[in-house]
Amino acid sequence: MVFGGVVPYVPQYRDIRRTQNADGFSTYVCLVLLVANILRILFWFGRRFESPLLWQSAIMILTMLLMLKLCTEVRVANELNARRRSFADFDPHHFWQWSGFSDYVQCVLAFTGVAGYITYLSIDSTLFVETLGFLAVLTEAMLGVPQLYRNHRHQSTEGMSIKMVLMWTSGDAFKTAYFLLKGAPLQFSVCGLLQVLVDLAILGQAYAFARHPQKPALHAVHPAGTKAL
């Protein structure tokens, strides 16, 4: 339970590192998991749950930061002439599309500070604590949605690690069964089932796009231009 959640990202991390291309992986997956696990840790202060789940959240946060660091380095290396964007710009049009890893760290720390302060002020409210727990697991249940949307928009799963999604599915199924057997808060079980459904939808996309691949557009390109590129 502690390390199982991060295992699916090992093949994706290796693929990005090997190909030096992160286009197939949505960094919004990292955003979803960072928010979900920060909220889950804050929820623990209001309602204690199984300690393996707490440690799982801490490990997942570290893993997502590593994924972000790699993706940022690869993207910046491939976009040499791109305009530098930073968290301090406060530009909503380029949120979570910054040029430096430190910008993502600043954003995560800012969110943690604000959410932690609100939790500290409202920790005695049962309604707040239960809502916090629901938001934590609902956010995690939406984990696959950025990848699902990206695949739909491109009508392709190229660059996405199928191994990662298979591990998502098996891990989420195991995790949901664990929630049910251990009597975890109801929010955990309901959102775990939703997460499995999203995983299955992504696998369905992979199957459908493999059977009916999108035909590449034909462009007339001069041979000299091709060589120059």
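Reader: In this predicted model, how many nonpolar, polar and charged residues line the second largest pocket?
Author: The model is predicted. Sorted by class, the second largest pocket's lining has four charged residues and six polar ones. The nonpolar class there counts nine.

Reader: Which element gives the largest share of that second lining?
Author: About 210 Å³ of space lies in the second largest pocket. Its lining takes two or more residues from each of α2 (28-46), α3 and α7 (162-182). The largest share is six residues, and it comes from α7.

Reader: Which residues lie nearest the centre of the second largest pocket?
Author: The lining of this pocket has 19 residues. Nearest the centre are Gly4, Gly5, Gln56, Asp172 and Lys175.

Reader: What volume does the largest pocket have, and which elements give two or more residues to its lining?
Author: The space in the largest pocket is about 780 Å³. Two or more lining residues come from each of these elements: α3 (51-78) and α6 (145-154).

Reader: How is the lining of the largest pocket split by class, and which residues lie nearest its centre?
Author: There are 12 nonpolar, eight polar and eight charged residues. The lining has 28 residues. Nearest the centre lie Asp23, Thr27, Arg75, Glu79 and Gln97.

Reader: Which helix gives the most to the nonpolar surface patch?
Author: The patch joins Met142, Val145, Leu194, Leu197 and Leu200, with about 390 Å² of accessible area together. Three of its residues come from the top contributor, helix α8 (residues 186-211).

Reader: Is Leu194 buried, partly exposed or exposed?
Author: Leu194 sits in helix α8. Its relative accessibility is 31%. Buried means under 20% and exposed means over 50%, so Leu194 counts as partly exposed.

Methods. Residues numbered from 1 in each chain as written. Predicted model: local features only at pLDDT ≥ 70, side-chain atom pairs only at ≥ 80, totals over all residues. Heavy atoms only, no water. Patch = residues over 30% accessible without salt bridge, like charges linked within 9 Å, V, L, I, M, F, W, Y side chains within 5 Å. Areas by Shrake-Rupley, 256 points an atom, 1.4 Å probe, with all protein chains shown as cover. Salt bridge = Lys/Arg side-chain N within 4 Å of Asp/Glu carboxyl O. Helix = DSSP H or I, 4+ residues; strand = E, 2+ residues; numbered from the N terminus. Buried < 20%, exposed > 50% of the residue type's maximum accessible area, 1.4 Å probe, protein only. 1 Å grid on protein atoms, 1.4 Å probe; cavity = no way out; pocket = protein on both sides within 12 Å on 5 of 7 lines; lining within 4 Å. Points joined across faces, edges and corners; volume = space filled by probe spheres on them. Nonpolar A, V, L, I, M, F, W, Y, C, P; charged D, E, K, R; others polar.
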